[in-house]
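Student: I have not looked at this structure before. Please take me through it in questions and answers.

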Amino acid sequence: MKISLLSRPELIRNYLMNLIYSNREVEAMIPSERELCRQFKVTRPTVRLAIKGLIREGALEIRPGLGTFIIRRMHNTDEFGRPYRNVAILTGDGRQVAVDRFFWEIYAAAGTELVRSNVTIRPGLLLGGSREELLVELGRLKVDGVVWISPPELEYPRVLEEMGVPVICINRGMDDSGISCVWQDMEQAGRDCGRRLLERNRRNVLLIRAPRSFSGRLFHAGLTAAFATAKVPFSGHLTMEELPGWQDKLKLLLECRTPIDAIYADSQLVSDVLKVIRASGAVSTPCLISGKHRLELLSDFSHCMMLDMPLETLGKTAARRLLDRLEGAVTGRVCECLPIPIVDYPEP
């Protein structure tokens, strides 16, 4: 049996919050106090405690002789009385600000696109937590929509959608999850890189991925598929999660008799990979494959294959699709895939 750690008023509050955020009617009434008492097996004072808290927050109102009604969500106004939509932009797991340039370029592009829209929109970071904390925070900020950059799991986007808050995920949800998403085609990029490497007779390839790297897994799938099509065995891969001492392993591989021809590294690992390569006594330098947004780290590197990731386009597209959903121009799931050009650096 599942045991809830929430108090009875908190359980009733969360139930009512789900009703509030899934409401699409102009005039919607919540269940009566008697019905809530019967449903949650509590007394009226307990039900009233939960309802009064939501009345103070402006989510509910009592109409004498009629009942308790949901106040329409699109009532957010600024200090001048002008309506606006409150949109949150989340990065990663939502609990911390990601400092990687990958996140910030997408974040800036999405925020700029939202601000330029006809309706005043206030993008901002929403700090996540447990499901209950997320509901409380959403209620406080009166969030109308969310752009989520690389969520680690799809549980929260599903919760928000169930509550009636539209979510556009970036780089997650492109499978049959039912979540609206915009993503860059990392699997096709892996296929394209694989074909180029084989054309240049670079067959001993190593992938170094960070734990839970969804983009890295897609790239790996595309690369191995390209090698399988050409009937060439794929050498293997390392992950920080499976091999904590991957730097030492990489150094040994670089110094062995069979040289590594190419290395793919997730963007957050590029600097560590470069340190190992430069410190090793490798006779030949492998071709390094990574995102073009890490080019400043590779300026003195002789062989690079850069993924020209459309970060600005990703952010703008996600913002536009969210606006389409908020304005009712699109109903149902929204999915859009953006190609990734491959750029040689320095140019051959």
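**Strands, helices and contacts**

Student: Over how many bridges do strand 2 and strand 3 pair?
Tutor: Strands (E, at least two residues) and helices (H or I, at least four) are DSSP runs, numbered from the N terminus. Two strands pair if DSSP finds at least two bridges between them. Strand 2 and strand 3 (residues 67–70) run in the antiparallel sense, and the number of bridges joining them is four.

Student: What kind of model is this, and how are its residues and side chains treated?
Tutor: This is a predicted model, in which local features need pLDDT of at least 70 and side-chain atom pairs count only at pLDDT 80 or more, while totals for chains, interfaces and linings use all residues. Residues are numbered from 1 along each chain as its sequence is written, and side-chain values use heavy atoms, with hydrogens and water left out.

Student: Which residue of strand 3 stands opposite E61?
Tutor: Strand 2 and strand 3 are antiparallel partners. Opposite E61, in strand 3, stands F69.

Student: Which strands stand at the edges of the sheet with the order 1-3-2?
Tutor: This open sheet has three strands with antiparallel pairing, in the order 1-3-2. An edge strand here has a single partner strand, so one of its sides is left without a neighbour in the sheet. The edge strands are strand 1 (28–29) and strand 2 (60–63).

Student: And which strands stand at the edges of the sheet with the order 5-7-8-9-15?
Tutor: That open sheet has five strands, and its pairing is parallel. Two of its strands have a single partner each, so one side of each has no neighbour in the sheet. They are strand 5 (87–91) and strand 15 (335–338).

Student: Which residue in strand 8 is the bridge partner of V147?
Tutor: Strand 7 (residues 145–149) runs parallel to strand 8 (residues 167–170), and four bridges join them. In strand 8, the partner of V147 is I168.

Student: At about what angle does helix 4 run to strand 5?
Tutor: Axes are lines fitted to C-alpha atoms, for helices over the stretch in contact (heavy atoms within 4.5 Å). Angles run from 0 to 180 degrees between N-to-C directions. Helix 4 lies across strand 5, strand 7, strand 8 and strand 9 (181–184), and its angle to strand 5 is about 170°.

Student: What percentage of the 348 residues in the protein chain is buried?
Tutor: Buried means under 20% relative accessible area, exposed over 50%, and partly exposed in between (1.4 Å probe, protein chains only). The chain has 11 helices and 16 strands. Of its 348 residues, the buried share is 49%.

Student: Within what arc do the buried residues of helix 10 fall?
Tutor: In helix 10 (residues 270–279), the buried residues are V270, V273, L274, V276 and I277. They line one face of the helix, because the directions from the helix axis to their C-beta atoms fall within an arc of 165°.

Student: Which exposed residues does helix 10 carry on the face turned away from its buried side?
Tutor: The buried residues of helix 10 pack against strand 10, helix 9 (246–255), strand 12 (262–265) and strand 13 (287–291). The face turned away carries the exposed residues K275 and A279.

Student: Which helix gives the most to the largest nonpolar core?
Tutor: A nonpolar core is a set of buried Ala, Val, Leu, Ile, Met, Phe, Trp, Tyr and Cys residues joined through side-chain atoms within 4.5 Å. The largest one has 43 residues, and I149, M186, F219, I289 and L307 have the most contacts inside it. With seven residues, the helix that gives the most is helix 11.

Student: How many residues apart are E113 and R320?
Tutor: The side chains of E113 and R320 meet in a salt bridge, a Lys or Arg side-chain nitrogen within 4 Å of an Asp or Glu carboxyl oxygen. E113 lies in helix 4 (residues 101–115) and R320 in helix 11 (residues 311–326). E113 is buried, at 14% relative accessible area, whereas R320 is partly exposed, at 38%. Their separation in residues is 207.

Student: Which residue forms salt bridges with R196 and R200?
Tutor: For R196 the closest N and O atoms of the bridge are 3.1 Å apart, and for R200 they are 2.8 Å apart. The partner is buried, with a relative accessible area of 14%. In each bridge the partner is D344.
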